Protein chains: 2
Amino acid sequence: MSTCLHPVPLTQVTLSDTFWAPRQEATRSVTLPIEIKHLRDTGRIDAFRLDWRPGMPDPPHVFWDSDVAKWVEAAAYSLATHPDPALAADLAEVIALIAGAQQPDGYLNVHFTVVEPEKRWTNLRDWHELYCAGHLIEAALAHQEATGDNTLLAALSRYADYIGQEFGHGEGQKRGYPGHEELELALVKLYRHTGERRYLDLAQYFVDERGRQPHYYDQEAQARGDDPAAWHGRDYRYLQAHLPVREQDTAEGHAVRAMYLYSGMVDVAAETGDESLLEAARRLWRNVTQRRMYVTGGIGSASQGERFTWDYHLPNYCAYTETCAAIGLVFWAQRLLQVEPRGEYADVMERALYNGVLSGISLAGDRFFYVNPLGLDYHAYRDEMDRYGRSSVVPERQDWFGCACCPPNIARLLTSLGNYAYSTSEDGLFVHLHIAGTAQAEFSGQRVRLQVDTDYPWGEDVTITVQPEAEAEFALALRLPGWCRQPRVTVNGEMVSLEDIIRDGYAYLRRAWRAGDTVRLTLPMPVERIYAHPEVREDAGRVALQRGPLVYCLEEADNGANLEAVRLPREAEIRPEWRPDLLGGVMVLRGMGRRQEANAGSNDLYLSNPPAEAPVSLMAVPYYAWANRVPGDMLVWIRE
Amino acid sequence: MSTCLHPVPLTQVTLSDTFWAPRQEATRSVTLPIEIKHLRDTGRIDAFRLDWRPGMPDPPHVFWDSDVAKWVEAAAYSLATHPDPALAADLAEVIALIAGAQQPDGYLNVHFTVVEPEKRWTNLRDWHELYCAGHLIEAALAHQEATGDNTLLAALSRYADYIGQEFGHGEGQKRGYPGHEELELALVKLYRHTGERRYLDLAQYFVDERGRQPHYYDQEAQARGDDPAAWHGRDYRYLQAHLPVREQDTAEGHAVRAMYLYSGMVDVAAETGDESLLEAARRLWRNVTQRRMYVTGGIGSASQGERFTWDYHLPNYCAYTETCAAIGLVFWAQRLLQVEPRGEYADVMERALYNGVLSGISLAGDRFFYVNPLGLDYHAYRDEMDRYGRSSVVPERQDWFGCACCPPNIARLLTSLGNYAYSTSEDGLFVHLHIAGTAQAEFSGQRVRLQVDTDYPWGEDVTITVQPEAEAEFALALRLPGWCRQPRVTVNGEMVSLEDIIRDGYAYLRRAWRAGDTVRLTLPMPVERIYAHPEVREDAGRVALQRGPLVYCLEEADNGANLEAVRLPREAEIRPEWRPDLLGGVMVLRGMGRRQEANAGSNDLYLSNPPAEAPVSLMAVPYYAWANRVPGDMLVWIRE
């Protein structure tokens, strides 16, 4: 079986489960309309009319184009699987505006057309010119695939061609590359769609040129008359340009930038067969997932620079863990998974999706987190906000952000989730995510339909009915999640011995499949106690709770304030309980913990005896669902 | 026995112990020469020549006068107990310069004489005009008492008189008060020295006027053409001016300011008998010591605003706990102690002195802490410094600071420490601090000499030889430290039953004392495990170690990095061990703890089993001595 996979496109996948399908519906009916309203209200849509003139207020910002582009992409994915005339009308209007903003030479960027036209391509390091181009290309591809309308894609192809003329090693070309990566992966997508090799070459050039000496950002700064050292002492880690990418061993700098670069590296490597590039991506993957990733799949420990810090530095209360970074981790994991179907990629993809990504949007789909900390002292946060009107981490969901990257980013991931569930290889069909619904796949000339019935992530059983058009031999590769210790599989009721057919986290069921063959995958989901590596200082002596793919947390709404006063002894039994009434229907975890009691009769701040403890009934809710009730304290890592 | 005490002046006290006496000597021989050099090098001394002119660099800053004043005060105290011709010469030069800077009308402030003369008294809120005046008065009093030379005191008395004309309720007077308190307590000192009631009245006015409506800082801002709300939204908590002082129940704002105000409140109340003012001070005392004080006696939890935060909010790693604030707590405690000799005041005074104050200066006397956190992740600190060149908390001792309040402040406390050890009342003599040496006291016409022999704080025994000039009946009141569970006292070898003679933490030994009578106080010093109130989130599940008055910490130098991986089980035996070779001679604490071990053979960041633990020999050193070796991690509150 070849290990080069291709995602089953979202148009061939339906999700009909009770977990994701309602989120997709909320994205269509609530999130996307809210977002287009914010985009309109803040002038981001009208900006494409190019009628801003010097002296007018609110000049279009350098990253506005990308906010609109991500919305277009999300809306296109949604329309591809669910008709919505109002959404289609909004989308058509936006598409026309964007395409109309293209300049005669192919250039397409609002800010550098109307605000600072003389500064085109003069500061790739700080501004988001090439980043916006990447998002517009992704939007155009999504729009073309959803609607068949080629308007935007034609415009963006021209723009990509223009960029290809401007950048490269040729005479008269700039040797620059994106300060905020994104265009790299978009160009590979464009190549895959069009078959035009020049787009892949351009992506490869951007990836290869990054971080080389003499350093383009030095030269570019000097050309502007700036001192390169004035920029953070030339610490180019922030944008992963401190070294050529093949020499990078650790994930550094702005986490979202890093994820988009690493995704682009995998894309380029997958298409060019460049093993050294793929190996660099694998090394970075190990660094992120074995040293710098929260148990929620959140990444980026520090708010200052929205960045990775160092190995095992995973503070909880001040965790930055930007929603976009977890989304980027999903993108990267999915790409690695297509290159080599290893469970570790799918496990991380699932961890981020069900936890650190999904926490970024409210259950109703109307409010957002930019950051996703793993603990909250609500009093401390409120005090900071009340005194200073700001906080480096804002753990209350917001309607919108001045830097509005996260809301449309989560929308485009949720509306394209079908893309992440299945892949085909030359002679097989992979199931990566267990979501009730259907998939229609083609590979090696075979057409196979899968019908998946499951209550995952709440229930343990996944029933897959296989419907090949005609009887055919192929491998059905089922992901056995890393969190599951004893998976079981039956085919047509007969137990399958997994021993010989498991490879890298997938069970390969190879046989001649006939219509109606039924596979039953059972994934026992006892409540798991999770412990962090001993070098993770903030988690020492603490336990996190997980059941299936879901990480849990304690909230003040259920357990009172000051969750540090609570501990969950190792021997405490924890049992799941289905609560259809709560948070849209969740499995909560219940158990008896111990809570420090106030010292009756003493006002002493320091005592000779430890505070007395009393039994306390604790209830944990899935992390993704936190902060959907009254604001209050929250904690993932509980003292044990 | 009257409960109104008077400190035995430092000139009547000698310290000859191995703990404090060497620190006083280091202050004289190392700290004061270093500080005057820094004061000279930074232009602070020459500034008093008043030859700065507009357009010249380095205009004298609004608080420079106070840095010099505190050095003068420290030098004067040192000279009062130890001759030092070089120091005396430096002091004489500085005194002449300061006195020479006085203006014909009595005004004495460098900045507002040469830099912004038109702005005199226009911004009491932000600038440090009256604060500097207070420190200059304290310096003048110390200088006069040390040398008998009246030059500076005459100048400052004139300045105080001038201030008294400018401020008050009278016609043409400003209704202002210090933005940074200090002058209040200085004026009471001046009153006590001179007997001039007008200084007490002025102090009382400043205390009483504070925080009243209409708010002076509003009016003052408006007079300058500023919007009062532009200043932190008029949140006058920062400078304890949010309410009249008698209505303040919680310690708010800048911790040093608060300590100086509260000290001044006690001073005024002590002299005026104002019970409502004293009760306010007691209320604030309870709030600080029962809710907002670290176990080291450090106060001020937040770096932003160098301020108190809220009850039980005592984060360790980012604790601000400015050295000056702990010093201020000593000032305040000592003042309350003179009003009512209660052990709780002396206990806090001792806690701050031996821990959170003394940590502020290196063992050699040459380097300083502005802040005194209770934990350090050295890697995190270095990363912040390397990336951004700054850190809100700098846990590495520095030569000097741009805002140089702490170094001369700790010098003046160390050189005047004799002032804090003994008090007289109408018919008795109090021993507050157990320090080897002598005291010569006069009360009710009696002259009594005490000879104290002890190894405190390392040893448990304190032997006091009483030498009255003639046999006399009086009470010798010995403080029984709050940390000591079973103190014992003998007089001339006979055990004294303490039951009937203990009141509020003091043992009152009343008898007809004869020359040579010997009191032996035994203060058993087992290692104590200290626990924090259950509402202190950061200390939950943790233990601090204390022996006698000393709080201990783990340092990387002795225990390796990542001290969060270490725990000290409740049953672990901890034994003291005298280490004459270490840190100038310290009692270390040793015991077997447990340390999380790295997972052999696994790179997993998250695990199903808790990290294995192995026994580890732990060694704790006194907190005051930390950061005197190689930089590294440190921890006070250890996981239990």
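1. Interface. In this predicted model, 98% of the interface residues of chain A are also interface residues in chain B, so the copies meet through the same surface.

2. Symmetry. Two copies of a chain are related by a rotation about an axis and a shift along it. Here the rotation that superposes chain A on chain B is 180 degrees, with 0.0 Å of shift along its axis. The RMSD is 0.0 Å. That is the relation of a two-fold axis. A:G541 has the C-alpha of chain A nearest the axis, 4.6 Å from it.

3. Cavities. The count is 5 cavities of 30 Å³ or more. The largest holds about 50 Å³ of space. About 50 Å³ also lies in the second largest.

4. Largest cavity. Chain B residues line it: B:L545, B:L554, B:L568, B:I574, B:L589, B:R590, B:G591, B:L618, B:M619 and B:A620. Two strands of chain B, β20 (586–596) and β22 (613–622), each give at least two residues to this lining. By class, the lining has 8 nonpolar, 1 polar and 1 charged residues. Arg counts as charged and Gly as polar, so B:R590 is the charged residue and B:G591 the polar one.

5. Second largest cavity. Its lining comes from chain A: A:L545, A:L554, A:L568, A:I574, A:L589, A:R590, A:G591, A:L618, A:M619 and A:A620. Which elements give two or more residues to this lining? They are β20 (586–596) and β22 (613–622) of chain A. The lining residues of the second largest cavity divide into 8 nonpolar, 1 polar and 1 charged.

Definitions and conventions. Residues numbered from 1 in each chain as written. Chains lettered and ligands numbered in written order. Predicted model: local features only at pLDDT ≥ 70, side-chain atom pairs only at ≥ 80, totals over all residues. Heavy atoms only, no water. Least-squares fit on C-alpha atoms with pLDDT ≥ 70 in both. Contact = heavy atoms within 4.5 Å. 1 Å grid on protein atoms, 1.4 Å probe; cavity = no way out; pocket = protein on both sides within 12 Å on 5 of 7 lines; lining within 4 Å. Points joined across faces, edges and corners; volume = space filled by probe spheres on them. Helix = DSSP H or I, 4+ residues; strand = E, 2+ residues; numbered from the N terminus.
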